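Visitor: Please take me through one part of this structure in close detail. I would like to start from a single residue and work outwards.

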Amino acid sequence: MTYGRGGTVRAFLAIVLVAGLVFLSACGGSGTPVGVQITITLAASANSVAPGQSTTITATVANDTSNKGVTWSITSGGGTLSGQTSTTVVYTAPASVPTPTSATITATSAASSTVTASIQISLQSSAIAVSLSIAPSSAPAGPQTINQGQQLSVSATTNDPAKKGVTWSLSPSTGAGTLTNQTSTAVTYVAPGSVGGNTPVTLTATSVSDANATAALEITVFQSGAGSNVAALNVNSGPAGNSSNIAFVSVTICVPGTTTCQTVDNIQVDTGSAGLRILQSAMPSLSLPSLMDSTGNTIFNCVQFADTSFLWGPVQEADVRIGGEVATATNGELIQTVSTSTAGIPTACSTGSGPGDENTPTTLGANGIIGVGLEPTDCFVQGLVNLCDGSTGQGPPPAYFSCASSGCSSTTTPITIAAGSQVVNPVFLFTDNNGVAIQFPLPLSTPPYAAPTLSGALTFGVNTQTNNMIPSNAILFGLSNDSFITTYAGQTLPNSVIDSGSSALFFPSSLTVCADNAGFFCPPGLTPQSATNQGYQAGAPVSNVNFNIDNADNLFNLTPPDTAFQTLGGPNGSPNTCTSQGTGSCQFDWGLPFFYGQTIFTAIDGQTVNGIGSGPFWAY
Amino acid sequence: MKPNSRISVSRTSVSRTSLSRTSWIGIAVLLLALPIPALAALGGDVASVHEDQAQMKGSLKTTEAVVFTLHEIKSPAGMVVREYVSPAGQVFGVSWHGSGMPNLQQLLGSYFQNFSDAVKAQKAAHPGHGPLYIQEPGLVVESTGHMRSFSGRAYDPGKLPQGVSANDIR
């Protein structure tokens with residue numbers, strides 16, 4: 001493991017300091033006042049070392065009137081110490097480190113053995129690492145899309161001392177295309193000349209010297225519409241087999257500035273939030289540096305959802321890659337790593353730790369959520385108002401907390417935090433950084449309007465390239481409070497949203513809710529509905545929407561089972577309760593089914609969109 | 001909407017009349033300086049605790065309507081919680097809006113376990129996000145919104161005072 005720039009800097013801030021009380025008068029001491037404590041502070045010239053490499057550790061000892069300094073020992077992790085003095089020591093890492101780990105070196109006061117301090121040194125792995133890049137780029141590659149019949153040049157780098165390079169393989173074994181021009185460091189992938197639909201392919205490089213060292217590149221072959229700013233979307237049953245109407249994408253996460261990466265699939269694409277949040281359990285091979293404050297505390301992030309669920313975990317630096325787009329830690333990319341542990345979560349986040357910690361694939365229905373919505377971070381609201389940095393004069397929402405790395409207490413209260421330390425909408429840091437377009441075909445053009453799986457496309461940028469231009473006949477919706485206006489069944493619903501992260505169309509309606517699950521509608525059968533959508537801008541055009549709601553129990557019991565349902569609906573509060581003050585049920589939530597059969601654009605607040613002005617807006 | 005059907009039209013209209021006659025702003029507002037009125041979780045006794053206000057470190061405004069008393073707490077972060085108290089002194093409904101979620105364990109009190117079990121059952125059947133709609137015997141919970149803008153309400157449909165509609169809780 002190699003820390004990038006930020007990780008090294010912050011590791012120095014994380015100097016460990018342990019102190020004990022020494023009553024020198026009891027020791028027949030030299031006049032030091034009773035109760036003054038010796039303290040030891042440790043710092044290392046490098047907090048992360050490669051196998052066999054060394055780092056110098058220095059102790060600063062305070063209140064040590066006898067000036068005896070410290071003695072040194074290795075508490076865990078192996079390696080050797082040399083050149084010991086009363087204030088410095090050279091630590092050398094073991095020659096072989098099979099997996100990234102850390103060593104702990106302890107300094108003990110020579111004047112008082114109860115006073116000790118320890119420092120952790122990260123040990124990089126000696127195993128051969130393989131990484132892939134899309135030629136001629138030297139950067140690690142994220143999941144790619146290419147059109148049928150097209151080619152992709154891929155190169156491999158290893159840290160193999162024997163420099164034997166890699167061998168290449170392609171899966172599945174049939175229908176995945178071919179490999180040409182193979183060398184020990186490069187290959188050309190040739191996609192099939194014709195595919196029936198979005199076709200996933202995995203290209204794997206295996207180190208010749210170490211068969212356990214591999215790197216894989218996910219490639220999705222499109223019939224058309226692929227590109228370096230395009231990611232493949234899939235609706236399926238997800239990582240735990242229990243998902244429906246969730247759009248998944250694959251994302252490559254790297255330790256900042258390194259080729260130590262992991263591609264995580266089944267990340268939910270959510271236009272209703274901002275920021276990437278990945279289950280810790282879904283990226284076990286990565287150790288990302290946590291964001292720390294000036295006191296050495298870890299910054300934790302909380303995101304809450306309207307259904308009272310939440311995600312909790314440390315803010316961490318990462319390089320995030322999808323296709324040719326990258327958001328680097330150097331440029332400010334911060335993600336939330338969703339803690340596996342349910343301990344140490346403040347009540348302000350958990351709202352009482354009842355139903356909501358969705359830190360497993362089964363409970364989340366995904367391996368993570370990538371928020372690609374209207375705002376640059378999870379603290380902004382329309383107009384680039386930052387609710388978390390204290391600029392509004394109000395206390396911060398329950399989004400950020402400063403605690404020991406092990407977690408917070410139930411009573412920890414949220415902190416104010418600057419925009420640069422907030423979890424970022426990764427699109428905001430991409431090359432195509434002003435929004436996204438999401439496109440899905442219809443699951444089925446006839447009843448039951450459902451399909452076992454569905455493939456679509458997530459295109460980065462709005463009006464930045466030929467493949468993300470808003471069509472001239474599209475309707476554009478200006479927003480207020482990140483919402484637009486839907487009218488439905490005589491109700492004007494001013495807080496309405498388009499949200500790919502919602503798994504159905506949710507609206508206040510007199511339709512019957514299901515007896516076994518009040519979260520969905522169960523009308524007797526397919527029930528035609530209509531609504532209108534309108535933006536807040538002057539002279540905003542009206543979009544008429546005709547849709548159907550079917551019986552959810554029937555949809556969920558189709559054989560074979562489907563996961564993409566265009567006619568799935570559910571209640572959003574109670575009908576006819578929205579008041580002019582905006583209280584009551586004032587929202588139509590156009591969830592993922594609304595994306596089926598069309599392309600929907602989401603433009604980020606404050607970002608320029610060629611030919612239009614700036615976000616936030618929706619268009620379809 | 002089974003629980004709502006128990007509320008007669010006439011009772012609804014009585015409540016509506018009483019509210020529209022005075023309107024939210026026009027209701028006789030009693031800013032009770034001393035003593036601070038007690039608050040309770042859903043189903044709790046109004047004389048029992050100040051816990052919600054203390055937990056939210058919030059300011060309190062108390063409004064007496066014809067058929068119920070409304071306690072409104074506003075936290076330093078702008079979270080607004082309203083507690084609807086019957087003439088008998090019982091909290092029969094709560095509502096909230098703000099940039100985060102309120103402490104539902106605190107707000108729902110003895111109803112929280114029932115709520116928690118119901119949400120877990122819904123989510124276990126179909127993971128995914130969206131608004132929340134819980135309709136259990138003796139408990140309705142609605143929660144909606146989007147990032148940094150949430151609102152919701154909870155009430156016991158069997159404990160609405162005479163003349164109060166569920167739609168008055170908002």
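Guide: Start with B:Leu160. This residue is buried, because 25 other C-beta atoms lie within 10 Å, and 20 or more are enough to count as buried. Keep in mind that the model is predicted. Where is B:Leu160 along the chain? Look in the segment after S8 of chain B. Now compare B:Leu160 with B:His126. They are 34 residues apart in sequence, and their C-alpha atoms are 32 Å apart in space.

Step back to S8(B), the strand that comes before this segment. S8(B) is joined to S5(B) by 6 bridges, and the two run antiparallel. One pair to find is B:Val94 with its bridge partner in S8(B), B:Ala154. In general, strands of a sheet pair through backbone hydrogen bonds, either parallel or antiparallel.

Stay with S5(B), which covers residues 91–98. How many of its residues are buried? The count is 8 of the 8, so the strand is largely enclosed by the rest of the structure. S5(B) also pairs with strand S4 of chain B, residues 80–85. That pairing is antiparallel too, over 6 bridges. Here B:Val85 has B:Val91 as its bridge partner in S5(B). S4(B) and S5(B) form a hairpin with 5 residues between the strands. In that hairpin, B:Gly89 takes a positive phi near 90°.

Now see the whole of chain B. It has 5 helices and 8 strands. Along the sequence, they follow the pattern α-α-β-α-β-β-β-β-α-α-β-β-β. Chain B has 170 residues, of which 51% count as buried. Take its contacts with a separation of 6 or more: 52% of them join residues 24 or more positions apart.

Next, turn to the side that touches chain A. Here 40 residues of chain B are in contact with 56 residues of chain A. Several elements of chain B each supply at least two residues to this side, among them strand S8 (149–155), strand S7 (139–146) and helix H4 (104–108). Which element gives the most? H5(B) does, with 8 residues. By class, this side of chain B has 19 polar, 16 nonpolar and 5 charged residues.

Cross over to chain A. It has 4 helices and 46 strands. Its C-alpha trace spans about 90 × 65 × 45 Å along the principal axes. The radius of gyration is 28 Å, which agrees with the value near 25 Å for a compact globule of 620 residues. Of those 620 residues, 52% count as buried. Among contacts with a separation of 6 or more in chain A, 69% are between residues 24 or more positions apart.

One sheet in chain A is worth a stop. It is open, has 4 strands in the order S3-S9-S8-S5, and shows mixed pairing. Strands S3 (48–49) and S5 (70–76) of chain A stand at the edges with a single partner strand each, so one side of each has no neighbour in the sheet. S3(A) runs parallel to S9(A), residues 116–123, and 2 bridges join them. Look for A:Ser48, whose bridge partner in S9(A) is A:Ser122.

Last, a word on confidence. Chain A has a mean pLDDT of 92, and 94% of its residues reach 70 or more. Over residues 1–33 of chain A, however, pLDDT stays under 50. Where pLDDT is low, the predicted coordinates should not be read in detail.

Notes
Residues numbered from 1 in each chain as written. Chains lettered and ligands numbered in written order. Predicted model: local features only at pLDDT ≥ 70, side-chain atom pairs only at ≥ 80, totals over all residues. pLDDT = per-residue confidence, 0-100. Contact = placed C-beta atoms within 7 Å. Nonpolar A, V, L, I, M, F, W, Y, C, P; charged D, E, K, R; others polar. Pairing = 2+ DSSP bridges. Buried ≥ 20, exposed ≤ 12 C-beta atoms within 10 Å, placed from the backbone. Rg over C-alpha atoms; globule rule 2.2 N^0.38 Å.
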